[in-house]
Structures are given as C-alpha cells and as structure tokens.
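Student: I have a structure open and do not know where to begin. Can you show me how to read it?

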Amino acid sequence: MQNLLVTGGAGFIGSNFVRYMLEKYPDYRVVVFDKLTYAGRRENLQDVAAAFGDRYAFVQGDICDQAAVRAALIAHDVDTIVNFAAETHVDRSIMDPDAFIQTDVYGTYVLLEAARDLGNLRYHQISTDEVYGHIHGDHRSLETDNLAPRSPYAASKAAGDHLVNAYHITYDLPATISRGANNIGPFQYPEKVVPLFVTNALNDMPLPVYGDGRQMRDYQYVLDHCEGVDLVLHAGALGEAYNIGTGREMTNLRMVEILLDELGKPRSLIQHVEDRQGHDRRYCMNVDKLMALGWEPDYTHEEAIRKTVRWYVNNPWWWEPIRSGEFKEYYQRLYGDRQIISEAAE
Ligand code: NAD
Ligand code: TYD
C-alpha cells in the first residue's frame, strides 16, 4: 500500500484523513478524487498542497463517471481506494434523495467495478452507524447486526455496504468497511448540527433543536475516526466491517449546553423546533472489535465538542464565506417555515 486514491478527500473527514495519512506515512502518495459539490472545498486542503508537494495530487471528478475513475487510477498507479465520497446530510436526503442514490449507491458500484477490473485493488468503504437504524434499549450495534436504515441517506449508505460485501464474496475483492459515529472537528460544513449551532451562536441566532432534543448521538472527534480507518486499512481482516466510535452516547441537549458554555453564550439561544421526519432516536455502537486491534479514542465527547467549538471561533475565514453563499438558500428552505415548539428559558 503506497498510492492511495481518496475519494471525497476535499470534504470534512476526507481532508482530515488525507492530512493525517501524509503526515504519518512519508512514503505514501495520496490522490484526492472529488467532484467538489457544495460540501467539497479546495481550501480544506490548501495547507496539504503546500506541505506535501508531489506526494499529493488533486483530480476533480465524479465517482459515477467510470472513465474518469479508471483514468485517475491508472495515471496515478493507485493500489488502494478509500471511498469517503458521498452525499452526507440526512436533512438534504429527506428533501432531495436523488443525488444520494447516484453517488452513495451507483458511485460505490463504479469504484468497486474499477477496483475489480484493475486487478482487485485494495478497497475501503467509509460507512456510518446510521446503517443500523435507531437502536432500542441498552443495545450497542454490533458489526454482525442486520442493517436497518431509516432515512434515504442511511439507506443509500447501507446499499453501498451491501455492494462492498457482495464484491468481496463474489470476486474476492480485498475490501473492508468502517462505520463511523457522528464526527466533529475542523472543516465540517455548517449544515451538520455542531458547526451549525456554533456558527449560529456566534451570530446570536437561535439554535434550532429538533423535537425534545433528547436524541442520543456519539459525537466523536474526527482524528479518532481517522486513526480507526488507518488501523482497519492496515490491520483489518478482509471482508469485515469495523465500528468506529467512542462506544458512549450523549443527548443533543447536553451537547448544546457544552457548546454554549464553551462560547459563553446564553441557554436562551436554544429554540425547540418541529422534529425531523423519521428522526432516529438513538445511535450507539459497540467498538470492541476495533479496540481488539489496539485502537482507543483520544477524546471524550466533551473534549471533542470544546475543541471543535474553538476551531470555529478561530477560523471565521473558513465558514463565513460558506454561510453567505448557497447555504443561505438551504437554511431558508429547511428552517424558514419550521414550526417553533418552545424557547428555552435563560
Ligand atoms: P462531506 O459532505 O463533508 O464531504 C463529502 C465529499 O464527497 C465532498 O468533498 C464532496 O465534494 C464529495 N463528493 C460528493 N459526491 C461526489 C461524487 N459523486 N464524486 C466525487 N466526490 C463526491 O462528508 P463527510 O462528513 O466528510 O463524510 C465523508 C464520509 O464519511 C461519507 O461517506 C459519510 O457517509 C461518512 N461518514 C460521515 C460521518 C459524519 O459524521 N460526518 C459519520 C460517519 C460516516
Ligand atoms: P446531524 O449533524 O445532521 O447528524 P445525523 O442526523 O447524521 O446524526 O444531526 C445530529 C443530531 O442533531 C440529530 O439528532 C439531529 C439533530 N439536529 C438538530 O436538533 N437540529 C438541527 O438543526 C440539525 C441539523 C440536527
């Protein structure tokens, strides 16, 4: 493994992963293959381009484009594909599922087919805890659990996982899957809840908490996720899936309280609004399988949230232009007419 194609490498987790891998492995080369949708941004990688010279290359392309994928794999002599490319936001998948089916299902198929065609390249699929659906009682999702996705986003990711398994079983493709929890950290597009709420709060705008805010999520620092992916790539058993999370969970309301406290902003910014359709109540994964390979998270939820908040406070150059562009239209469409249930007391 030396020449990696990282699809979706200009997005949030992908750009953190590219930086992490180039720093850790001086003999690796990384080619980012990215369509540059609204979520993919060249500036997420501007320091990488400057720091790593010809060990890093960027190709603008769509993973649904068979010829472009094949050309990039051949031109850069790629031996390993790590597929981060996806449409990723649940609320957008509820409004417009089409791009999710294209990229997360058909795009995954195109990459698998190219990997097979070029002599069974090593393939790693970045997946999500959302494929398990929402989890009842005290259960923590195991890699062997049935997939039970409930949103168009989660269903498209689950379809990707099934395709990867099928290619491993049918064609012996050397493939692995990792299923990450809710990542937070630098360069996350401010549609996702933590960067949305930090940047709203910095603008003294209300924080739209869906429903009662008692949904449970595992807010994981992005570098913990990157380390887990690295470990699965190098030490994971082929044909296997690995959960990557802290193994713990927190309510959205608790996350909001930590976030507001770190900013020194009042709780009165909390505004309970009409819930998301089909909102998954709880995600939580058992991460013993990855820990058995020697991994453990470096950050607690609270540390991850505070560190993320500070990054947004210190980097308005990155998010202010985003919030004034396409984002404004999106925000109006999703939140403009949303019913307000209640405001929090001071
Ligand atoms: P993101 O939305 O920030 O970035 C996605 C990237 O994929 C962007 O750079 C975009 O331009 C690119 N892309 C989209 N469609 C493409 C296409 N057709 N061809 C090429 N590139 C395309 O996403 P993220 O949050 O960084 O998520 C990355 C991966 O991790 C996704 O597969 C997602 O399902 C998975 N994941 C995310 C989380 C999370 O909390 N964000 C958690 C678990 C798993
Ligand atoms: P999100 O960041 O969209 O991730 P996911 O839905 O993939 O877990 O949302 C995280 C949680 O925050 C989820 O329970 C939905 C909730 N949420 C809100 O309460 N308000 C919001 O405006 C958003 C975007 C999310």
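Tutor: We will go through salt bridges, then the two ligands, then one loop residue.

Tutor: One thing up front. This is a predicted model.

Student: What lets two side chains form a pair?

Tutor: Side chains of opposite charge can pair when their charged atoms come close.

Student: How many salt bridges does the structure hold?

Tutor: There are 23. Take Arg19 and Asp47 as a start. Their side chains meet in a salt bridge, with 2.8 Å from N to O. Arg19 sits in helix 1 (residues 12-24) and Asp47 in helix 2 (residues 46-52), so this pair ties together parts that are 28 residues apart in sequence.

Student: Is Arg19 buried or exposed?

Tutor: Look at the relative accessibility. Under 20% means buried. Arg19 has 12%, so Arg19 counts as buried. Its partner Asp47 has 36% and is partly exposed.

Student: Which residue pairs with Arg333 in a salt bridge?

Tutor: Asp96 does, at 3.1 Å from N to O. Now check where each partner lies. Arg333 is in helix 13 (residues 326-335), while Asp96 is in the loop between helix 4 (90-95) and helix 5 (98-117), so the bridge ties together parts 237 residues apart in sequence.

Student: And how open are these two to the outside?

Tutor: Over 50% means exposed. Arg333 reaches 52%, so Arg333 counts as exposed. Asp96 has a relative accessible area of 42% and is partly exposed.

Student: Can a salt bridge join two loops?

Tutor: Look at Arg140 and Glu249. They form a salt bridge, and the closest N and O atoms are 3.3 Å apart. Arg140 is in the loop between strand 5 (122-128) and helix 6 (152-171). Glu249 is in the loop between strand 11 (241-244) and strand 12 (250-251). The pair links distant parts of the chain, 109 residues apart. Arg140 is partly exposed at 32%. Glu249 is partly exposed too, at 22%.

Student: Which residues do shared salt-bridge partners join into one network?

Tutor: Arg92, Glu191, Lys192 and Glu326. Try to trace that network on screen.

Student: Now the ligands. How do I read the surroundings of one?

Tutor: List the residues around it, then look for polar contacts. Ligand 1 has 29 residues around it. Ile13, Asp34, Thr88, Tyr153 and Lys157 come nearest.

Student: Which atoms make the polar contacts?

Tutor: Here are three to find. A nitrogen atom of ligand 1 is 2.8 Å from an N or O atom in the side chain of Asp62. A nitrogen atom of ligand 1 is also 2.9 Å from a polar backbone atom of Ile63. An oxygen atom of ligand 1 is 2.7 Å from an N or O atom in the Thr88 side chain.

Student: How much of ligand 1 does the protein bury?

Tutor: Compare the ligand alone with the ligand in place. Alone, ligand 1 exposes 830 Å², and the protein buries 97% of that.

Student: Which parts of the fold supply this shell?

Tutor: Helix 1, strand 5, helix 6 and strand 7 (182-184) each give at least two residues. Strand 5 gives the largest share, three residues. By class, the shell has 12 nonpolar, 13 polar and four charged residues.

Student: How many residues surround ligand 2?

Tutor: Ligand 2 has 21 around it, and the closest are Glu130, Arg217, Arg276, His279 and Tyr335. Again, check the contacts. An oxygen atom of ligand 2 lies 2.9 Å from a backbone N or O atom of Tyr210. A polar side-chain atom of Asn252 lies 2.9 Å from a ligand 2 oxygen. For a polar side-chain atom of Arg276, the distance to an oxygen of ligand 2 is 2.5 Å.

Student: How well is ligand 2 covered?

Tutor: On its own, ligand 2 has 510 Å² of accessible area, and the protein covers 97% of it. Helix 4, helix 7 (193-202) and strand 8 (207-210) each give two or more residues to the shell. The shell divides into 10 nonpolar, five polar and six charged residues.

Student: Which domains does the shell around ligand 2 draw on?

Tutor: Domain 1 (3-184 + 220-244) and domain 2 (193-216 + 250-278 + 302-343) each provide at least three residues.

Student: And the loop residue?

Tutor: That is Lys265, in the loop between helix 9 (252-263) and strand 13 (270-273). Lys265 is partly exposed, at 22%. Compare sequence with space here. Lys265 and Ala201 are 64 residues apart in sequence, yet their C-alpha atoms are 7.1 Å apart.

Note on methods:
Residues are numbered from 1 along each chain as its sequence is written. Chains are lettered from A and ligands numbered from 1 in the order in which they are written. This is a predicted model: local features need pLDDT of at least 70, side-chain atom pairs count only at pLDDT 80 or more; totals for chains, interfaces and linings use all residues. Side-chain values use heavy atoms; hydrogens and water are left out. A salt bridge is a side-chain nitrogen of Lys or Arg within 4 Å of a carboxyl oxygen of Asp or Glu. Helices (H or I, at least four residues) and strands (E, at least two) are DSSP runs, numbered from the N terminus. Buried means under 20% relative accessible area, exposed over 50%, partly exposed in between (1.4 Å probe, protein chains only). A residue is near a molecule or strand if one of its heavy atoms lies within 4 Å of it. A polar contact is a pair of N or O atoms within 3.5 Å; within protein, one must be able to donate a hydrogen and the other to accept it, and residues adjacent in sequence count only if both atoms are side-chain atoms. Accessible areas come from the Shrake-Rupley method with a 1.4 Å probe; for residues, only the protein chains shown count as cover. Ala, Val, Leu, Ile, Met, Phe, Trp, Tyr, Cys and Pro count as nonpolar, Asp, Glu, Lys and Arg as charged, and the others, Gly among them, as polar. Domain bounds come from an automatic or database domain assignment.
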